[in-house]
Amino acid sequence: MRNNDCIFCKIIAGEIPSCTIYEDGAFKVILDVNPASKGHALILPKEHCADIYEIDEETAANVMKLAKKLTHYMTEQLRCDGFNLLQNNHEVAGQTVYHFHMHLIPRYHGARNNDILRWSHETFSAGEMDEICNKLKFPEQFQAD
Ligand code: AMP
Ligand code: ZN
């Protein structure tokens, strides 16, 4: 389903121009208009959904399959030295467009901005780490086989 206020839905419909590098029935992959590196691309599912909380499991799995395929292809074409896959959810996490998208960011030795995507570290005591770990232990009954 399309969201009429969504810029990525308009790009998917061809109402706003984009540099499209891949398209099939379920996905469009475009170059990011403000790239972090040469070849920075975005995987857009054609069905509108805002983020990881809304996307259905099958589409999410297919995003990763496509990311794997494109990472190999783009690495060959661009001769890049590495890759980041990045996916932001909600404003606090840096999301600015509320249509699920996966960033594909080729990385190059010697690029000026190679410190992007590095973060400063937080420190937690051993007790705090235990508490966090206990809180996050995933219930066995919900684990995949
Ligand atoms: P995020 O901050 O994870 O929500 O990423 C949104 C990305 O969409 C940013 O990197 C923007 O540069 C990119 N973006 C916004 N508008 C367009 C557009 N019209 N065409 C291509 N990329 C866009
Ligand atoms: Zn949309």
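Start by selecting helix H1, because H1 gives the most to the shell around ligand 1, with 3 residues; helices here are DSSP runs of H or I with at least four residues, strands are E runs of at least two, and both are numbered from the N terminus. Before you click on, note that this is a predicted model, where local features need pLDDT of at least 70, side-chain atom pairs count only at pLDDT 80 or more, and totals for chains, interfaces and linings use all residues. Residues are numbered from 1 along each chain as its sequence is written, chains are lettered from A and ligands numbered from 1 in the order in which they are written, and side-chain values use heavy atoms, with hydrogens and water left out.

**Stop 1: the shell around the ligand**

Keep H1 (7–12) on screen and add strand S2 (27–31): each supplies at least two residues of the shell. Now show what surrounds ligand 1, counting a residue as near if one of its heavy atoms lies within 4 Å. You should find 16 residues, with Asp-32, Asn-88, Thr-96, His-101 and His-103 coming nearest. Colour them by class and you get 8 nonpolar, 7 polar and 1 charged. For that colouring, Ala, Val, Leu, Ile, Met, Phe, Trp, Tyr, Cys and Pro are nonpolar, Asp, Glu, Lys and Arg are charged, and the others, Gly among them, are polar.

**Stop 2: polar contacts**

Zoom in on Asp-32: a side-chain N or O atom there is 2.5 Å from an oxygen atom of ligand 1. (A polar contact is a pair of N or O atoms within 3.5 Å.) Next, select Thr-96, whose backbone has an N or O atom 2.7 Å from a ligand oxygen. Then try Val-97, where a polar backbone atom is 3.0 Å from an oxygen of ligand 1. How much of ligand 1 does the protein bury? Taken alone, the ligand exposes 500 Å², and the protein buries 83% of that, by the Shrake-Rupley method with a 1.4 Å probe.

**Stop 3: the pocket**

Ligand 1 sits in the largest pocket, meaning more than half of its atoms lie within 2 Å of the pocket's grid points. A pocket is an open set of points on a 1 Å grid over the protein atoms alone, where a 1.4 Å probe fits, with protein on both sides within 12 Å along at least five of seven lines; lining residues have an atom within 4 Å of a point. About 370 Å³ of space lies inside. Select Phe-8, Asp-32, Val-33, Asn-34 and Leu-42, which lie nearest the centre among the 20 lining residues.

Conventions. Polar contact = N/O pair within 3.5 Å; in protein donor to acceptor, adjacent residues only side chain to side chain. Points joined across faces, edges and corners; volume = space filled by probe spheres on them.
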